[in-house]
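Let's take a friendly look at the pockets of this protein and the residues that line them. Keep the structure open as you read.

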Amino acid sequence: MTATKIAIMGVGKIARDQHIPAIAADPRFELAATVSRSGGLDGVENFATLSELIAARPDIPAVSLCMPPSVRYEAAAEAIAAGKQTMLEKPPGATVAEVLDLARMAEEAGVTLFATWHSRHAEGVAAAKAWLADKTITALRIDWKEDVRKWHPGQDWIWEPGNLGVFDPGINALSILTEIVQVPLHLTGAELSFPENRAAPIAADLTFAGPGFIAEAAFDWRQEGGEIWQIAVETTAGTLRLIEGGARLFLDDSEQTVHGRGEYPDLYHRFGDLIEGGARDVDATPLIHVADAFLLGRRLVVEPFNE
Ligand code: NAP
């Protein structure tokens, strides 16, 4: 089997922590180059721009775009136009229209576009989805709370428009929600707390309506003393809880045995399958819910945030 050569664009925290090790461990991929403004990786050919990579390395058919969402559309459009199989970190774009446009372009070009949602690949998610498939939900509650200073140190971009603020982690919860709950949900209300010196929210409280139940979500970046990444679903047959970002699953307080490759190894496995099958996977639903929160959300101004 010949490994597919792949280039990573945006060599930051997530590229180093997850993408590079996942590619190294996957025999179907070989990291052949980077596109990095800051120099890339020792021993891997680096290009300052995607255009230079495309011109110099026609032998690289795939790219994985790991930069912030506000600068992803232009690069993704260029990659697709050049015929590259393209993987997008989450969130897939800064706006819903961007993502739908990229999906259209990929369809027309006949290339794979994979808009990833890494939390959907957490070990407990598939089992949670399977268990919920024939259950009647009566209530749902998401708590997604972490310390922004711990998880996003020095990332000024995350506070800029188009980069989501607290929805950057919160959209992970929404990606799990929209994977495991197979009935339609729509946002009915939101309160977004903006630090007075920032352009993006530091906290958000959301309410959704589903058929016969209400779902509530609390996202907060001011959490101290350990993160909480939990989804609890009440059903007529008992309570399901996903904790630790979806890695652990409980049914009525009894922990279930779950299996998986791990989020990022599973993402690359899926990307390999999509490329082999000539397929695409672009689901904008989590981003639609975030967009609705900005549409419906009442804006509260809270104390300034300084790192
Ligand atoms: P990061 O550490 O700030 O890295 C982003 C990289 O993108 C930068 O190092 C830079 O790499 C490149 N870049 C290109 N244009 C940029 C711009 N205008 N502003 C800032 N960086 C730019 O961020 P990250 O945590 O890796 O997050 C990147 C994406 O991954 C986001 O969409 C985020 O939601 C997602 N993600 C992050 C995590 C996490 O735990 N951090 C987890 C899952 C997903 P070069 O210098 O190489 O050009």
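## Who lines the largest pocket

In this predicted model, the largest pocket has a lining of 49 residues. Nearest its centre you will find Lys13, Ile14, Cys66, Glu89 and Gln155. Four helices each give two or more residues to this lining: H1 (13-25), H3 (72-81), H7 (167-180) and H8 (263-277). H1 provides the largest share, with six residues.

## Its space, chemistry and place

The space in the largest pocket comes to about 1400 Å³. Sorted by class, its lining holds 23 nonpolar residues, 14 polar ones and twelve charged ones.

Where does the largest pocket lie with respect to domain 1 and domain 2? Residues from both domain 1 (4-118 + 263-281) and domain 2 (120-259 + 291-302) contribute to its lining, so the pocket lies between them.

## The second largest pocket

Next comes the second largest pocket, with about 320 Å³ of space. Its lining is made of 18 residues, and Arg120, His121, Glu179, Asp266 and Arg270 are the closest to its centre. Strand S6 (113-115), helix H5 (125-132) and H8 are the elements that each supply two or more lining residues here.

In the lining of the second largest pocket, seven residues are charged, six are nonpolar and five are polar. Both domains take part here as well: domain 1 (4-118 + 263-281) and domain 2 (120-259 + 291-302) each give at least three residues to the lining of the second largest pocket.

Key. Residues numbered from 1 in each chain as written. Predicted model: local features only at pLDDT ≥ 70, side-chain atom pairs only at ≥ 80, totals over all residues. Heavy atoms only, no water. 1 Å grid on protein atoms, 1.4 Å probe; cavity = no way out; pocket = protein on both sides within 12 Å on 5 of 7 lines; lining within 4 Å. Points joined across faces, edges and corners; volume = space filled by probe spheres on them. Nonpolar A, V, L, I, M, F, W, Y, C, P; charged D, E, K, R; others polar. Domains from an automatic or database assignment.
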